[in-house]
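Take a look at the structure below. Then read on for a short tour of its parts.

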Number of protein chains: 4
Amino acid sequence: MSSSSQTKPKDLRSAILDAALDIFSENGFHSSPMSRIAKLAGVGVGSIYRYFSDKDALIHALCEQVNVPLKRNMQEKTDTGLSIHQQFVCFVSNLIRYLSSHPREFRFLEQYYNSPYGIDKVHTELVGANGNATDMFTRLFVDGQKQGVIRTLPFPVYPVMTFGSVSFLIRYSLSGGIMVDDALIAATAEACWNAIKA
Amino acid sequence: MSSSSQTKPKDLRSAILDAALDIFSENGFHSSPMSRIAKLAGVGVGSIYRYFSDKDALIHALCEQVNVPLKRNMQEKTDTGLSIHQQFVCFVSNLIRYLSSHPREFRFLEQYYNSPYGIDKVHTELVGANGNATDMFTRLFVDGQKQGVIRTLPFPVYPVMTFGSVSFLIRYSLSGGIMVDDALIAATAEACWNAIKA
Amino acid sequence: MSSSSQTKPKDLRSAILDAALDIFSENGFHSSPMSRIAKLAGVGVGSIYRYFSDKDALIHALCEQVNVPLKRNMQEKTDTGLSIHQQFVCFVSNLIRYLSSHPREFRFLEQYYNSPYGIDKVHTELVGANGNATDMFTRLFVDGQKQGVIRTLPFPVYPVMTFGSVSFLIRYSLSGGIMVDDALIAATAEACWNAIKA
Amino acid sequence: MSSSSQTKPKDLRSAILDAALDIFSENGFHSSPMSRIAKLAGVGVGSIYRYFSDKDALIHALCEQVNVPLKRNMQEKTDTGLSIHQQFVCFVSNLIRYLSSHPREFRFLEQYYNSPYGIDKVHTELVGANGNATDMFTRLFVDGQKQGVIRTLPFPVYPVMTFGSVSFLIRYSLSGGIMVDDALIAATAEACWNAIKA
DNA sequence: GATGAATGAGACTTCATTCAT
DNA sequence: AATGAATGAAGTCTCATTCAT
């Protein structure tokens, strides 16, 4: 209420996180000096340390910041009224679409979960400790098996065939090798389904 | 005693590469001082620079060094007398087995192809610039399509479903989340096949 | 409730000085950020700069603030009716007692007079520029010499044997090496007297 | 033997320690940037870290470096053939003389033993954990008491009256207040003796 | 008057690289 | 050819101080 509209004063924290996302995703954690992040964010170096105790803390905070809209998006696009097959194809397609259109976020997360920072969060993310988006994903397989439309496989195969493929596809496209269009998305999603269907 | 002739010649260079593999795979490129590599290799720091102009050069050389036995292994284990299905399942299984038992190599390559170092080599690797193992992999799909046992899909889907899954599986297992045993390998290889079979 | 009138007026300045004493004596000047002092004082950092132009100014002001009650205490406890011997022993005993029970003040002063801040004030303090407690101390020696109960020595020997011993004793006790009890105080005071008596 | 005489190549370690002594004693630990020490030593900043893992390590090493010749000097000048009285007066006089002519060393040690670095070494130094110079000092009191020439006092009083006085005297002189000449030394040493003699 | 967010100089430390031996 | 001591640029982080509110 104090400021007319809340456009600008979104505060430094967001500016810093945004700049960090830019620079981390482009250069990797170790080639991203705090000073460069500060400059891009338009703040002094010291200011970063008012909001994040550490470079590490900044990285972890950015992970959460990036995950929230990703998971929200996946949840919103879920329509539990559809068949398991349709839900699964939608899930994979949406994930590809979201990550394709958020390359900074994808590159950051890939880096994060492959580094000492997030390496031991990978499992937690996939098995879904508490009510997060992954639970939704897990439920799909459980329900699919019950209905007999998904083959019973060692559990890890499900995320492997799904997230592994999606991750590789985006990585591949970001490296410039391919263009991700609707046809490719549809074909990939269907291939994922074929991999696990009954 | 094991090798009679070629014991000394490649000494230093190999020792350095091996030490680098150890340390890079464990700590990442940026947390791996040249001095630590030198110490582990049992050579002086300066000696590294006689064989590699740069830390970057060392990293790139190590990539090649790591790829050679990997590709040779894949090629050796190929039996063109088998059916496409069998060849494919063998390929995936062998790849998983090889990478599982070579975690240093896997970690290094993951890091390499996800970093500015190798990011734009990903495509080249997959389409197979010259007569390397990937060509063998590519031929599998071409032949499979001709024989009608592999569905015709946008080409990228093949490596995506294969390498993506394998990569994710190994990553997942190395992070401690799962154990890769024969059952899991077989199930994954079969799922990959189902993803693309006609 | 305890004091009726002068509760508010000196509020901030005193709060700041008190907090500074706490933190300086515990951590040293350089490990005592203004922000920590402000927080402990319950004021904003900026407020410190309304009362003290500088961190240096704060330190110097604190020195004065600490010296006032110290000197007042020494003066109050002086009974000029006693013999020189008795006065001297009282002086030393009281000084030890005061400093022992004011460790923050002692630690601060030690630090101050041993640092670039107060290094050249030591002399002024001891020869007594103006009518302060040291004058009282000096008078003791002058009178003692006149009465023939104190040996005539190069003047510096008097403060050296007195303040040097006291300072070392407190330092020693604060470092945890010894416990200062009445017996030790009495023995020390008497030893100081023996050092200079006729 | 390899180099003609061993004049220059006394190596960087010594140069660094010497520069550090200069700067620490003049400015205090916290106002002595490693860069300034390096410059004065005529070496690169990084070189300091080849010899000392830390600024802390440098400080501790310097303490030892400074203590060795100090203790050796005190030991050398000891003549156990003299009377306790004479030995004591010699000890105090020599200590004053040594420290007076080594102001950098004195300032450094004062600072060291009054800081978190050496605060808890004070006691150990004084009670003499193992066969160091202080043992020699302690033995003086034990022997003196046995012979009946030194009064029996709470033990801490001995170092307090001795080291306290000496320390204060040097501090006082270094602050510019007084000049330490033979007369002052003799008077101080005698006063110390009077403080504790039977 | 009081506040505390913002700043940036400067401290400590690491490490790729060089070069005299 | 091999070494490793020496270097200094560059990175992370702290904290005295300012100034808009």
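This report covers the chain pairs, the surfaces near the DNA and one helix. The model is predicted.

## Chains A and B

Chain A and chain B are in contact. The contact takes 37 residues from chain B and 37 residues from chain A. On the chain B side, three helices each supply at least two residues: α7 (122–127), α9 (157–174) and α10 (182–196). The biggest giver is α9(B), with eleven residues. By type, the side of chain B that touches chain A divides into 22 nonpolar, twelve polar and three charged residues.

How are the two copies related? A rotation of 179°, with 0.1 Å of shift along its axis, superposes chain B on chain A. The RMSD is 0.4 Å. This is the relation of a two-fold axis. The interfaces match as well. Of the interface residues of chain B, 95% are also interface residues in chain A, so the copies meet through the same surface.

## Chains C and D

Now the other pair. Here 37 residues of chain C are in contact with 38 residues of chain D. On the chain C side, α7 (122–127), α9 (157–174) and α10 (182–196) each supply at least two residues. The largest share comes from α9(C), which gives ten residues. The side of chain C that touches chain D divides into 22 nonpolar, 13 polar and two charged residues.

## Chains that do not touch

Which chains stay apart? Chain A and chain C do not touch. Their nearest C-alpha atoms are 13 Å apart. Chain B and chain D do not touch either. For chains B and D, the nearest C-alpha atoms are 12 Å apart.

## Around DNA strand E

How many residues surround DNA strand E? There are 32. The closest are A:Gly44, A:Gly46, C:Gly44, C:Gly46 and D:Pro33.

Several helices give two or more residues to this surface. Chain A uses α1 (11–27) and α3. Chain B uses α2 (34–41) and α3. Chain C uses α3, while chain D uses α2 (34–41) and α3. The residues near DNA strand E divide into 14 nonpolar, eleven polar and seven charged.

## Around DNA strand F

DNA strand F is surrounded by 32 residues. The closest are B:Gly44, B:Gly46, B:Ser47, D:Gly44 and D:Gly46.

Again, look at which helices give two or more residues. In chain A they are α2 (34–41) and α3 (45–51). In chain B, α3 (45–51) does so. Chain C offers α2 (34–41) and α3 (45–51). Chain D offers α1 (11–27) and α3 (45–51). The surface near DNA strand F holds 14 nonpolar, eleven polar and seven charged residues.

## Helix α5 in chains B and C

Helix α5 of chain B runs over residues 84–100 and has 17 residues. From its first C-alpha to its last, α5(B) reaches 24 Å. That is close to the 24 Å expected at 1.5 Å a residue. Which residues of α5(B) are buried? They are B:Gln87, B:Phe88, B:Phe91, B:Val92, B:Leu95, B:Ile96 and B:Leu99. These residues cover an arc of only 160° around the axis, which puts them on the same side of α5(B).

Chain C has a helix α5 too, at residues 84–100. It has 17 residues and reaches 24 Å, close to the 24 Å expected. The buried residues in α5(C) are C:Gln87, C:Phe88, C:Phe91, C:Val92, C:Leu95, C:Ile96 and C:Leu99. Their arc around the axis is only 160°, which puts them on the same side of α5(C).

How values were computed: Residues numbered from 1 in each chain as written. Chains lettered and ligands numbered in written order. Predicted model: local features only at pLDDT ≥ 70, side-chain atom pairs only at ≥ 80, totals over all residues. Near = placed C-beta within 6 Å. Helix = DSSP H or I, 4+ residues; strand = E, 2+ residues; numbered from the N terminus. Nonpolar A, V, L, I, M, F, W, Y, C, P; charged D, E, K, R; others polar. Contact = placed C-beta atoms within 7 Å. Least-squares fit on C-alpha atoms with pLDDT ≥ 70 in both. Expected span 1.5 Å × (residues − 1). Buried ≥ 20, exposed ≤ 12 C-beta atoms within 10 Å, placed from the backbone. Arc of directions from axis to C-beta.
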